[in-house]
Amino acid sequence: MDNVLRRGLAVLLAAVLMLSAAGCGARQAKEETIGRVETTEEEPTTRRDRTTKEETTEEPETSTEALTEAPTETEATATEEVTTTEEETTTEEATTAAPVALRDPEAIIDTTTTLYTYAKMQDDLQYLAAAYPDICHLYSAGKTEDGRDLWYVIFGNPEAERQIYICAATHAREYMTAQLVMRQLAFYCSSYETGNYNGIPFTEIFDKTCFYVEPMVNPDGVSISQLGEEGLYRQDLRENLRAIFQSDVNNGTAETTDYARYLVRWKANALGVDINRNYPPGWETVHERSVPASTHFKGTQPFSERETKAQVAIVESMSNPLMAISYHSYGDLVYWQYGQPEPLWSGNEQLAQHISNMTGQYLAGYSNEAGFSNWCIIDKGLLSVTVETGTVSAPLPLDQFAELWREHQFIWAMLATTY
Ligand SMILES: [Zn+2]
């Protein structure tokens with residue numbers, strides 16, 4: 001796209017964002033005042049050989065159809081109107097040129113609470129993009145049903161010869177992974193000029209390899225898990241959430257009949273679709289749920305969800321993608337087997353081993369079908385692993401964060417210099 005037009009659109013988008021941020025303030029303030037507590041209990045594993053069939057004879061339909069057909073716009077803005085028509089992604093850069101005072105790098109990301117909300121993340125992304133405009137470029141890849149932007153960052157040299165995609169919080173309750181990836185982003189931004197990995201300066205590493213970072217793939221779901229029904233803006237979506245709960249209870253697929261607790265354990269998006277069951281490879285074979293649910297419902301067709309489409313748009317906008325890493329919780333495992341042919345079989349095992357060597361996480365067996373990594377490997381020919389962080393069931397308690405950070409701080413630099 002022509003540079004003048006691009007810059008013009010960026011300025012227009014920045015103005016829209018500022019207006020929208022002002023409009024969201026009251027709701028965000030409300031989010032911050034609501035607290036939730038997690039407990040730990042047995043989590044269903046994602047391994048295919050351990051999945052259980054949960055066919056039931058009667059599964060009443062819930063009322064998502066009207067929602068999926070005609071999503072209404074919330075007041076949360078319309079960045080889509082400022083999208084480019086030329087690029088395959090529906091994105092435009094969302095940074096301002098105004099210089100900002102740099103903050104203490106250690107304090108940029110709030111790690112004193114597990115409730116690292118979408119609102120906090122959005123504030124941090126906008127700060128980082130403004131504070132480090134040469135290496136942190138912020139974009140929206142679309143909006144969720146509940147009107148949240150699906151933010152991603154291009155970190156490093158945007159013209160780098162190859163790219164690595166990193167994402168987190170695909171599953172709602174696994175939101176500590178968003179905090180982890182945001183901490184990684186803040187760390188690499190703030191130490192870009194001075195840092196090194198094994199003697200190689202960050203400036204050199206991230207000049208050659210840039211990172212496409214999507215820290216919260218499923219922000220509506222995260223808001224449900226962190227804040228409950230109040231986490232959603234749209235009243236019809238809240239009512240739909242209750243209908244999904246009732247359906248899960250009636251079908252015997254709710255892990256608890258306590259509604260508040262049920263929402264804390266939520267994994268899907270706001271429509272009850274599991275984003276990590278919404279990709280084509282193996283989609284036909286997934287039969288864990290037949291209606292919207294808190295987890296494991298694959299959707300009415302592959303790529304049906306906004307969050308899925310956004311991931312696809314981001315990955316497909318990369319000119320020379322090297323690999324895709326998807327952070328989940330929990331299990332302290334790296335999933336790398338997706339039935340892929342050689343050389344991706346050996347390549348992926350090697351990638352998992354590199355991550356394991358750094359983090360101490362175990363190499364796992366086959367992962368579930370129809371997930372993001374399946375699509376990256378099988379359909380896009382990329383290296384891709386699913387990294388399951390944490391040793392207790394999600395949402396992870398706060399005391400898990402220090403270890404996650406210790407293990408994963410240098411992952412980006414390791415990947416970029418190993419390949
Ligand atoms: Zn997960």
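Student: What is the strand order of the open sheet of eight strands?
Tutor: The model is predicted. The pairing in this open sheet is mixed. Its eight strands run in the order β1-β2-β6-β3-β7-β10-β8-β9.

Student: Which strands are the edge strands?
Tutor: An edge strand of this sheet pairs on one side only. That holds for β1 (136–143) and for β9 (362–366). Neighbouring strands are turned by 25° against each other on average, direction ignored. The edge strands are β1 and β9.

Student: In β9, which residue is the bridge partner of L333?
Tutor: β8 and β9 pair in the parallel sense. Four bridges join them. The partner of L333 in β9 is Y362.

Student: At about what angle does α4 run to β3?
Tutor: α4 lies across several strands, including β2 (149–155), β6 (209–214) and β7 (321–328). β1 and β3 are also among them. Relative to β3, α4 runs at about 140°.

Student: How many residues of the largest nonpolar core come from helix α4?
Tutor: The core has 108 residues. F155, A178 and L185 touch the most other members. Helix α4 (residues 176–190) gives the largest share of this core, namely ten residues.

Student: Leaving aside neighbours within four places in sequence, which residues is F155 in contact with?
Tutor: F155 is one of the core residues that touch the most other members. In general, nonpolar side chains tend to be buried together in soluble globular proteins. Beyond its sequence neighbours, F155 is in contact with I135, C136, L185, Y188, F206, C210, F211 and V213.

Student: Is A169 buried or exposed?
Tutor: A169 lies in the loop between β3 (162–168) and α4. Its phi is near 55°, a positive value in a residue other than glycine. A count of 20 or more C-beta neighbours within 10 Å makes a residue buried. A169 has 32 inside 10 Å, so A169 is buried.

Student: Is N198 buried or exposed?
Tutor: N198 sits in the loop between β4 (196–197) and β5 (200–201). N198 also has a positive phi, about 50°, although it is not a glycine. The cut-off for an exposed residue is 12 or fewer neighbours. N198 has 9 C-beta neighbours inside 10 Å, so N198 is exposed.

Student: Which residue does a cis peptide bond join to E342?
Tutor: Omega of this bond is about 5°. The residue in question lies in the loop between β8 (333–337) and α10. The partner of E342 is P343.

Student: What is omega for the cis peptide bond that joins A394 and P395?
Tutor: P395 is placed in the loop between β10 (383–388) and α12 (401–408). The bond joining A394 and P395 is cis. Its omega is about 0°.

Student: How far apart are the end C-alpha atoms of helix α10?
Tutor: Helix α10 covers residues 344–359, which is 16 residues. At 1.5 Å a residue, the helix should span 22 Å. The distance between its end C-alpha atoms agrees: 22 Å.

Student: Within what arc do the buried residues of α10 fall?
Tutor: The buried residues are L344, N348, L351, A352, I355 and T359. Seen down the axis, they line one face of the helix, because they fall within an arc of 95°.

Student: Which residues on the other side of α10 are exposed?
Tutor: An α-helix has 3.6 residues a turn, so residues three or four places apart point the same way. Just after α10, G360 takes a positive phi of about 80°. On the other side of α10 from the buried residues, the exposed ones are S346 and N357.

Conventions: Residues are numbered from 1 along each chain as its sequence is written. This is a predicted model: local features need pLDDT of at least 70, side-chain atom pairs count only at pLDDT 80 or more; totals for chains, interfaces and linings use all residues. Helices (H or I, at least four residues) and strands (E, at least two) are DSSP runs, numbered from the N terminus. The expected span of a helix is 1.5 Å times one less than its number of residues. The arc is that of the directions from the helix axis to the C-beta atoms. A nonpolar core is a set of buried Ala, Val, Leu, Ile, Met, Phe, Trp, Tyr and Cys residues joined through C-beta atoms within 7 Å. Two residues are in contact if their C-beta atoms, placed from the backbone, lie within 7 Å. Two strands pair if DSSP finds at least two bridges between them. Axes are lines fitted to C-alpha atoms, for helices over the stretch in contact, and angles run from 0 to 180 degrees between N-to-C directions.
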